[in-house]
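Please examine the sequence and the three-dimensional model shown here. The paragraphs that follow lead through its metal site, its aromatic contacts, its charged pairs and its nonpolar core.

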Amino acid sequence: MKLNVATIAQQVPDEASAYKLLEELRWGTTPVCPHCGSDRRAYFLNPSNGSDRATRTGSRSQRRVWRCADCRKQFSVLTGTIFHGTKIPVRTWLLVVFEMCASKNGVSAREIERKYGLTAKSAWFMTHRIREAMKREPLAGLLRGTVSADETYIGGSEQNRHKDKRVIQTNEPVQIVPGHRTDGWRADKVKVLSLIEEGSGEVRSVVVPDVTGATLRKAIAEQVDMSQTVLQTDELKSYYVLRPELAGHETVNHSEDEYVRYEDGRVITTNRVEGYFSQLKRSLDGTHHHVSVEHLPRYLAEFDFRYSTRKISDGQRMERVMGQVAGRRLTYRPLTGGC
Ligand SMILES: [Zn+2]
């Protein structure tokens with residue numbers, strides 16, 4: 001089945017078929033036990049004559065339940081995933097995952113709430129769980145080859161804040177960035193560093209406390225195989241400390257209106273990262289409105305994921321997310337900071 005909102009809505013009319021589709025996306029043809037990892041044999045526990053069964057409380061459920069032939073434990077396709085323990089229909093999950101995979105600017109929790117008749121809390125929690133599944137694999141390899149890097153500042157405008165909340169002064173060292181404003185306006189903003197690997201088109205974004213050389217070096221060393229990389233940046237001096245470790249460092253001089261430079265047949269530019277930032281900001285302003293510093297990394301994971309997979313179809317992107325839903329449970333407490 002070609003995955004899109006229309007086909008999911010039509011071909012997945014109820015919960016039983018939503019379970020089947022999710023099983024197919026996650027497991028293919030063979031169920032895998034989340035308790036012991038066995039994929040040898042599992043018994044389907046639902047009655048074969050109907051699609052629903054009585055639960056312990058006596059209500060009817062369409063949840064498809066399996067029993068592992070090896071460890072004898074029961075499981076469903078939701079066990080141990082971002083969907084674990086959800087009260088939201090699986091069919092709704094499938095539709096929302098697809099929308100978040102397909103929409104360039106993302107989908108706001110408010111929109112999900114309205115469209116699917118959920119509470120604000122459920123809709124918000126749902127979008128954040130899906131973002132968890134969009135995070136890159138913890139053991140993803142380092143970027144290498146030609147990698148462009150740039151930083152941006154994200155946050156609300158000072159004028160819109162209540163007088164008491166305005167940031168008047170900062171103790172942070174203010175970086176002198178040619179071509180950028182250097183006064184206090186951005187002191188309270190969040191700094192984001194993004195790196196794009198030219199070969200694969202993969203992007204990785206991280207929140208950084210400042211843009212000093214030491215901070216950038218640490219952040220870049222965590223994502224980039226430096227000795228195998230030619231880094232392309234603007235003329236921000238902080239990047240210069242990385243030079244001894246890099247295979248090369250090429251810069252464009254923004255203060256002199258230089259955005260692309262050609263040198264020995266090579267293209268030197270940070271345009272890709274800047275294009276990424278403008279898309280990100282359009283979405284944060286237009287779709288999501290208020291993103292707190294605390295939750296920004298999850299939005300970055302969502303944007304990084306969509307950008308890094310921009311060459312594949314929406315359906316393939318959804319399959320990719322479904323392959324990453326396990327082991328990423330997110331409970332309400334860390335998500336809300338305990339409140
Ligand atoms: Zn098992």
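Donors are the N, O and S atoms within 2.8 Å of the metal. The model is a predicted one, and its zinc ion offers a suitable place to begin. Along the chain, the donors of the zinc ion follow the spacing C-x2-C-x31-C-x2-C. Two of these residues, C36 and C68, connect distant parts of the chain: C36 belongs to the loop between α2 and β1 (42-44), C68 belongs to strand β4 (residues 66-68), and 32 residues separate them. The protein donors are the SG atoms of C33, C36, C68 and C71, which lie 2.3 to 2.4 Å from the zinc ion. The angles among the four donor atoms are 106 to 116°, and the site is tetrahedral. C36 has 41% relative accessibility and therefore counts as partly exposed, whereas C68, with a relative accessible area of 1%, is buried.

The aromatic contacts come next. A pair of aromatic rings is described by the distance of the centres and the angle of the planes. Five aromatic pairs are found in a search of the whole structure. In one of them, the ring centres of W27 and F75 are 5.8 Å apart and the ring planes stand at 85°, so the pair is edge-to-face. This contact again links distant parts of the chain, since W27 lies in helix α2 (residues 15-27) and F75 in strand β5 (residues 74-75), 48 residues apart. Burial under 20% relative accessible area is the criterion needed here. W27 is buried because its relative accessible area is 12%, and F75, at 2% relative accessibility, counts as buried too. W27 and F75 also belong, with W66, to one aromatic cluster.

Another edge-to-face pair is formed by Y276 and Y307, whose ring centres are 5.2 Å apart and whose planes are at 85°. Y276 is in helix α7 (residues 271-288) and Y307 is in helix α8 (residues 296-308), so the pair ties together parts that are 31 residues apart in sequence. Both Y276 and Y307 are buried.

Aromatic rings also take part in contacts with charged groups. The charged end of R243 sits over the ring of Y240, at 4.2 Å from the centre of that ring. Similarly, R306 lies over the face of F303, and its distance from the ring centre is 4.8 Å. R306 appears again among the charged pairs, where R131, E302 and R306 are linked in a network of salt bridges.

Side chains of opposite charge can pair when their charged atoms come close. The search of the whole structure finds 16 salt bridges. One of them joins E23 to R64, with the closest N and O atoms 2.9 Å apart. E23 is in helix α2 and R64 is in the loop between β3 (60-61) and β4, so that the pair links distant parts of the chain, 41 residues apart. E23 and R64 are both buried.

A second example is provided by E245 and R217, whose closest N and O atoms are 2.7 Å apart in a salt bridge. The pair joins the loop between β9 (224-233) and β10 (248-251), which holds E245, to helix α6 (residues 213-223), which holds R217; the two residues are 28 residues apart. E245 is partly exposed, with a relative accessible area of 31%, and R217 counts as partly exposed at 31% relative accessibility.

R266 and E250 likewise form a salt bridge, with 2.9 Å between the closest N and O atoms. R266 lies in strand β12 (residues 266-269) and E250 in strand β10, 16 residues apart. At 31% relative accessibility R266 counts as partly exposed, while E250, at 13%, counts as buried.

The nonpolar interior remains to be described. In soluble globular proteins, nonpolar side chains tend to be buried together. The largest nonpolar core here has 41 residues, and those with the most contacts inside it are L94, I130, M318 and M322. The elements that contribute two or more residues to this core are α2, β4, α3 (90-102), α4 (109-116), α5 (120-134) and α9 (314-322). Of these, α3 gives the most, with nine residues.

Methods:
Residues numbered from 1 in each chain as written. Predicted model: local features only at pLDDT ≥ 70, side-chain atom pairs only at ≥ 80, totals over all residues. Heavy atoms only, no water. Phe/Tyr/Trp six-rings, centres within 6.5 Å; stacked < 30°, edge-to-face > 60°. Helix = DSSP H or I, 4+ residues; strand = E, 2+ residues; numbered from the N terminus. Buried < 20%, exposed > 50% of the residue type's maximum accessible area, 1.4 Å probe, protein only. Lys NZ or Arg CZ within 6 Å of the ring centre and 35° of its normal. Donors = N, O, S within 2.8 Å, 3.2 Å for Na, K, Ca; no water. Tetrahedral: all angles 85-135°; square planar, octahedral: opposite > 155°, others 65-115°. Salt bridge = Lys/Arg side-chain N within 4 Å of Asp/Glu carboxyl O. Core = buried A, V, L, I, M, F, W, Y, C linked by side-chain atoms within 4.5 Å.
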